[in-house]
Amino acid sequence: MVPAAAPARAQWEGRQARVVAWRLGYLTLALAPLALCLIDLDPGRGFWVNLSVAAGFVALSLLGLQFLLAARWPRATTPFGADVLLQFHRQVTVLIVVLALGHPTVLFVWDSRFLGLLDVVSAPMRAKLAVLSVVALLVLVATSIWRTTLRLSYPAWQTLHAGLALVVAGAALAHVIMIGYYVDQRWEQVLWIAYTAAFVWVGVYVRVVKPIGRYRRRFRVVAVTAEGGGSHGLELEPVTPAAARAFAPGQFAWIMVGRSPFALTYHPFSYASSAEHPERVRFVIRGIGPFTAGIGDVRAGADVYVDGPWGHFSPDRVDASAWVLIAGGVGITPMLSILLTRRDRGDHRPVWLFQAARDEESLVAQDLLAELAADPGVTVVPILSRPAATWTGERGRVDPDHLRRYLPADLGEVHAFVCGPPGMTDAACAAAQAAGIAPRAVHSERFSMV
Amino acid sequence: MSSHRELRTSRAVVVFGLVVLLACIGWAILVQDVRPDACQVQPPPPNAQYLHC
């Protein structure tokens with residue numbers, strides 16, 4: 001029986017065309033300064049100086065585009081998935097650093113007289129601003145890579161990251177305008193300022209304008225329940241019917257409990273409820289950090305701000321004959337949504353859930369899973385790495401042998417969805433492929449932010 | 001082990017980076033062809049620093 005089309009599935013349609021359009025748009029914006037400089041072009045100064053200038057212009061353009069990548073703008077995020085954009089945002093920083101450092105380095109090598117501009121005491125302001133921009137960029141990168149080593153809290157890192165990004169972009173823009181070569185006409189300067197300001201505005205929109213809308217579409221806590229394994233279920237209903245948002249099973253949302261919708265730090269959690277009932281949503285949260293540890297104390301009636309849904313991790317976006325779900329710890333939550341949605345849609349495709357945990361006490365949502373496993377098409381297999389001696393079920397960590405014992409021989413159209421701690425996810429993805437599931441049919445979503 | 005999605009994204013970043021670098025090199029060559037070099041302009045542009053004339 002073909003499952004009923006969920007409202008959220010419409011967002012997957014036409015994805016390929018949107019992906020191509022966004023990629024071309026991004027490339028165009030990145031290289032736009034080079035094209036614009038060709039209008040009313042100033043004389044060249046030799047290949048190496050021209051190359052240095054090009055690197056600097058494109059670095060600044062890419063810096064502006066980083067604000068867009070980090071903005072969680074649905075129109076841009078949905079075709080790719082939030083995880084892909086986050087990875088792209090991180091990895092393109094390498095290119096930005098190469099270009100930003102390459103810009104002065106080429107000049108220094110071509111003419112050592114440029115080295116005098118590094119004397120921040122006597123150098124002209126345009127050079128000081130360039131140094132400031134590059135130093136701020138390197139500090140931004142270092143604090144992102146080594147946040148935990150530097151013992152920076154996530155909210156503190158977020159604030160520092162945003163502030164440094166503004167310094168990097170602002171100082172670089174001022175440097176370009178003060179140099180006045182290729183950007184000496186008034187219209188060129190206005191265009192550059194407007195170009196940079198547009199990207200910075202995206203950040204302002206995300207931090208100021210969107211939270212206002214989130215306040216209007218807020219949710220209210222209906223119940224908080226203990227779910228086993230140190231986890232709590234948070235059941236929410238929208239304050240107004242318009243706040244209910246369709247989502248696909250497997251997706252996640254950023255949520256903030258109480259406080260203010262303008263708070264910097266929202267936390268990502270997968271929906272754990274059926275996508276067929278967006279009027280009552282549920283998240284299952286394990287208490288492992290300062291925010292999550294207090295979930296059990298949240299009272300009914302508390303306001304919750306929800307930014308979502310996000311994510312590509314959903315069976316709705318693939319045509320599968322059956323699903324293999326592999327969950328570690330609280331990675332069970334998107335699987336609960338997938339199973340509940342399957343039930344509510346009357347979907348009879350087989351599904352195998354391999355639930356990895358340390359011991360029986362760590363298993364989450366056992367009552368609900370037992371209820372779902374009453375369906376003959378659902379097989380739930382707990383795999384414990386350190387079970388009690390009396391445990392008669394599967395032992396160890398998820399490996400290909402575990403999967404082969406339960407899965408059919410023909411896995412041609414079977415898709416696997418893996419969610420859990422990073423190491424477990426890597427191993428489980430490898431196990432799924434070793435068991436015979438095609439690499440393109442193994443899906444996971446990894447979200448260690450920083 | 002990176003997922004299929006992660007590998008695809010990393011490849012996209014590498015391809016994008018190569019396109020950008022080639023564009024910068026192409027622009028550097030194009031500028032020299034489209035306009036006379038600053039050393040051939042009399043007087044040289046005042047804000048063109050350290051010219052190798």
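**A walk through chain A and its contact with chain B**

Let's start with one small pairing: A:Ile383 has A:Glu394, in strand S10 of chain A, as its bridge partner. Before going further, note that this is a predicted model, where local features need pLDDT of at least 70, side-chain atom pairs count only at pLDDT 80 or more, and totals for chains, interfaces and linings use all residues. Residues are numbered from 1 along each chain as its sequence is written, while chains are lettered from A and ligands numbered from 1 in the order in which they are written.

Back to that pairing. Strand S9 (residues 378-384) of chain A runs parallel to S10(A), with two bridges between them. Strands here are DSSP runs of E, at least two residues, and helices are runs of H or I, at least four, both numbered from the N terminus; two strands pair if DSSP finds at least two bridges between them. Zoom out and you see an open, parallel sheet of six strands in chain A, ordered S10-S9-S8-S7-S11-S12. Its edges are S10 (394-395) and S12 of chain A, each paired on one side only. Helix H11(A) packs on this sheet, touching S7 (322-328), S8 (351-357), S11 (414-419) and S12 of chain A, and its direction makes about 165° with that of S11(A). Such angles run from 0 to 180 degrees between N-to-C directions, with axes fitted to C-alpha atoms, for helices over the stretch in contact.

Now the whole chain. Chain A has eleven helices and twelve strands, and is divided into domain 1 (3-213), domain 2 (217-310) and domain 3 (316-449), with bounds from an automatic or database domain assignment. The C-alpha centres of domains 1 and 3 of chain A are 40 Å apart.

What about chain B? The contact takes 35 residues from chain A and 32 residues from chain B, where two residues touch if their C-beta atoms, placed from the backbone, lie within 7 Å. On the chain A side, the elements giving two or more residues are H1 (15-37), H2 (47-69), H4 (82-110), H11 (422-434) and S12 (442-444).

How far can you trust all this? The mean pLDDT (the predictor's confidence in each residue, from 0 to 100) of chain A is 87, and 94% of its residues reach 70 or more. Over residues 1-8 of chain A, though, the pLDDT is below 50. Where pLDDT is low, the predicted coordinates should not be read in detail.
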